[in-house]
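Dear colleague,

I am handing over the structure we spoke of, and below it you will find my notes on what turned up when I went through it. Please read them with the model open beside you.

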Amino acid sequence: MERTSFSVLFYIRRTKPNKNGEAPILMRITVNGVRANSYIKKWIDPELWSVTKGKAIEKTKYVRELNLYLDAVKLRIMKIQREMEIDGELITAQRVLDKYLGKDQKDRKTLLTVFREHNEKCKQLIGIDMSPATVERYETSLKHTADFIKQVYNRDDFYLDEVNRKFIEDYEFWFKTEKKCSHNTTTKYLKNFKKIIRIALANDWLKTDPFRDIHFRLDEVERDFLESHELKKVYVKPFDIERLAIVRDIFIFCCYTGLAFTDTTQLSGEHISTDVNGAKWIRKPRQKTKDMCNIPLLDIPLQIIEKYREHPQCVAKGLLLPVPSNQKMNGYLKEIGDQCGIRKTVTTHTARHTFATQMLAHGVSIENVAKMLGHSDTKMTRHYAKVLDSSILKDMEKVQIKMK
């Protein structure tokens, strides 16, 4: 751990004299430019104090004894600082002062304790106003935080008042180097961590926001999607292995409905309705935003639902599709992509991008695509939908006809 700058000095507060006209003596500990001040329960005539030397002007026995006392206090502070340095503790001015004053450490909240308490409350909110995926994300963030503290600081936990700007910078660096996370993934983990810091600040367990002047920015990422000929390859490809066939069907279902993975896992008969014209629709609030999805069911997704009507997993759970975990889905989709000769990153989320792109390419308005995806406005829809070369070509052909 890098060495810190450290100093101890004494000064008087002339504006707070006692009834005898004596000023109180205060001690100031400074670590890396951050101060912690405290009264030391000693008083002195302001005329007997040397500001430049930070001690009393020795004229009487009492004053000499006072200076000896101040020297003893300073030595004690320096000893505390040295012991913390040897033990590898994070040194702050307030921590050194607390150790000198003998404040009870039991009253100090630790980072991982507050993180665990937060996650336990989140678990109780599942199904109320929090999704299982969100809770799982916080659990992963907690694990990463514990691993970081152990690997970088060789400690089991951190007091909240020890978390400073350098801690955040070290944490970000650890994600990018040790965990090999991208900038966007690192940023998302830091956003999760920031919520714990906000809780600490709100409860006054932490005085200074370590995220002050740190602004999050996500890099623009081009997501893969399947074009019509690639989608057809996946759809017509025969699979003898049942797990691949099921995952292919669920992926195709999502490509033709735009339904998010989490919502697909929850899809049941109650989410299917029939309008006055006999057309079937998926009407379901999104787990993530609670915005309603209104999706007309085309022939292919209807056939897939019918195919798995009697599947044991669907019957047992009252669901329409036997959806495996997201991790398994993505692993099997990689196999499917390889077997179909598709050199793109194919994941469950690729299906949603594919749906949005295909709908716009076939002339569906962006407002209607937004409604089907469950977006509250078209801004997010534009992020999902890509402009295909074929769409550009069609538009240019129309221009050419008009020019003729």
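K166 and D170 both belong to helix α5 (residues 165-177), and because they are 4 residues apart there, about one helical turn separates them. Their side chains meet in a salt bridge, with a distance of 2.8 Å from N to O, and K166 itself is partly exposed, at 33% relative accessibility. Please keep in mind throughout that this is a predicted model.

The structure holds 20 salt bridges, and a few others deserve a look alongside the pair in α5. In general, side chains of opposite charge can pair when their charged atoms come close. R243 and E335 meet through their side chains in a salt bridge of 3.1 Å, again from N to O. Since R243 lies in helix α8 and E335 in helix α12, this pair ties together parts that are 92 residues apart in sequence. R243 is partly exposed, with a relative accessible area of 33%, and E335 is likewise partly exposed, with a relative accessible area of 29%.

Are the partners R248 and D249 buried or exposed? R248 has a relative accessible area of 8%, and therefore counts as buried, the cut-off for that class being under 20%; D249, with a relative accessible area of 7%, is buried too. The two form a salt bridge in which the closest N and O atoms are 2.9 Å apart. Elsewhere, R95, R155 and E162 are linked in a network of salt bridges.

Charge also gathers on the surface, where R137, K188, K191, R223 and K288 make up a patch of positive charge. Of these, K288 can be placed in the loop between β7 (280-285) and β8 (292-296), and K288 counts as exposed because its relative accessibility is 69%, where the class begins at over 50%.

Turning to the interior, I would start from the largest nonpolar core, which has 42 residues, and in which V234, F251, F253 and I336 are those with the most contacts. The elements that each supply at least two residues of this core are α7 (228-236), α8 (242-257), β8, α10 (299-307), α12 (326-339), α13 (348-361) and α14 (366-373). The largest share, 10 residues, comes from α8. As a general matter, nonpolar side chains tend to be buried together in soluble globular proteins.

Several of these elements come up again when single residues are considered. F239 sits in the loop between α7 and α8 and is buried, with a relative accessible area of 12%. How far apart in space are the C-alpha atoms of F239 and Q339? They lie 9.6 Å from each other, although 100 residues separate the two in sequence. T350, which is found in helix α13, counts as buried at 4% relative accessibility, and its C-alpha atom is separated by 17 Å from that of P324, the two residues being 26 apart along the chain.

R116 is placed in helix α3 (residues 111-124) and counts as partly exposed, at 43% relative accessibility. From the C-alpha atom of R116 to that of G54 the separation in space is 46 Å, while in sequence these two residues are 62 apart.

Finally, two backbone angles should be looked at with some care. As a general rule, most residues other than glycine have a negative phi. N32 nevertheless has a phi near 50°, a positive value in a residue that is not glycine; N32 belongs to the loop between β2 (23-31) and β3 (34-44) and is partly exposed, at 46% relative accessibility. D204, which is not a glycine either, has a positive phi of about 65°. The place of D204 is the loop between α6 (183-202) and α7, and D204 is partly exposed, with a relative accessible area of 48%.

With best regards

How values were computed:
Residues are numbered from 1 along each chain as its sequence is written. This is a predicted model: local features need pLDDT of at least 70, side-chain atom pairs count only at pLDDT 80 or more; totals for chains, interfaces and linings use all residues. Side-chain values use heavy atoms; hydrogens and water are left out. Patches are made of residues with over 30% relative accessible area and no salt bridge: like charges are joined within 9 Å, nonpolar side chains (Val, Leu, Ile, Met, Phe, Trp, Tyr) within 5 Å. Accessible areas come from the Shrake-Rupley method with a 1.4 Å probe; for residues, only the protein chains shown count as cover. A salt bridge is a side-chain nitrogen of Lys or Arg within 4 Å of a carboxyl oxygen of Asp or Glu. Lys and Arg count as positive and Asp and Glu as negative; His and the chain ends are not counted. The place of a charge is taken as NZ of Lys, CZ of Arg, CG of Asp or CD of Glu. Buried means under 20% relative accessible area, exposed over 50%, partly exposed in between (1.4 Å probe, protein chains only). A nonpolar core is a set of buried Ala, Val, Leu, Ile, Met, Phe, Trp, Tyr and Cys residues joined through side-chain atoms within 4.5 Å.
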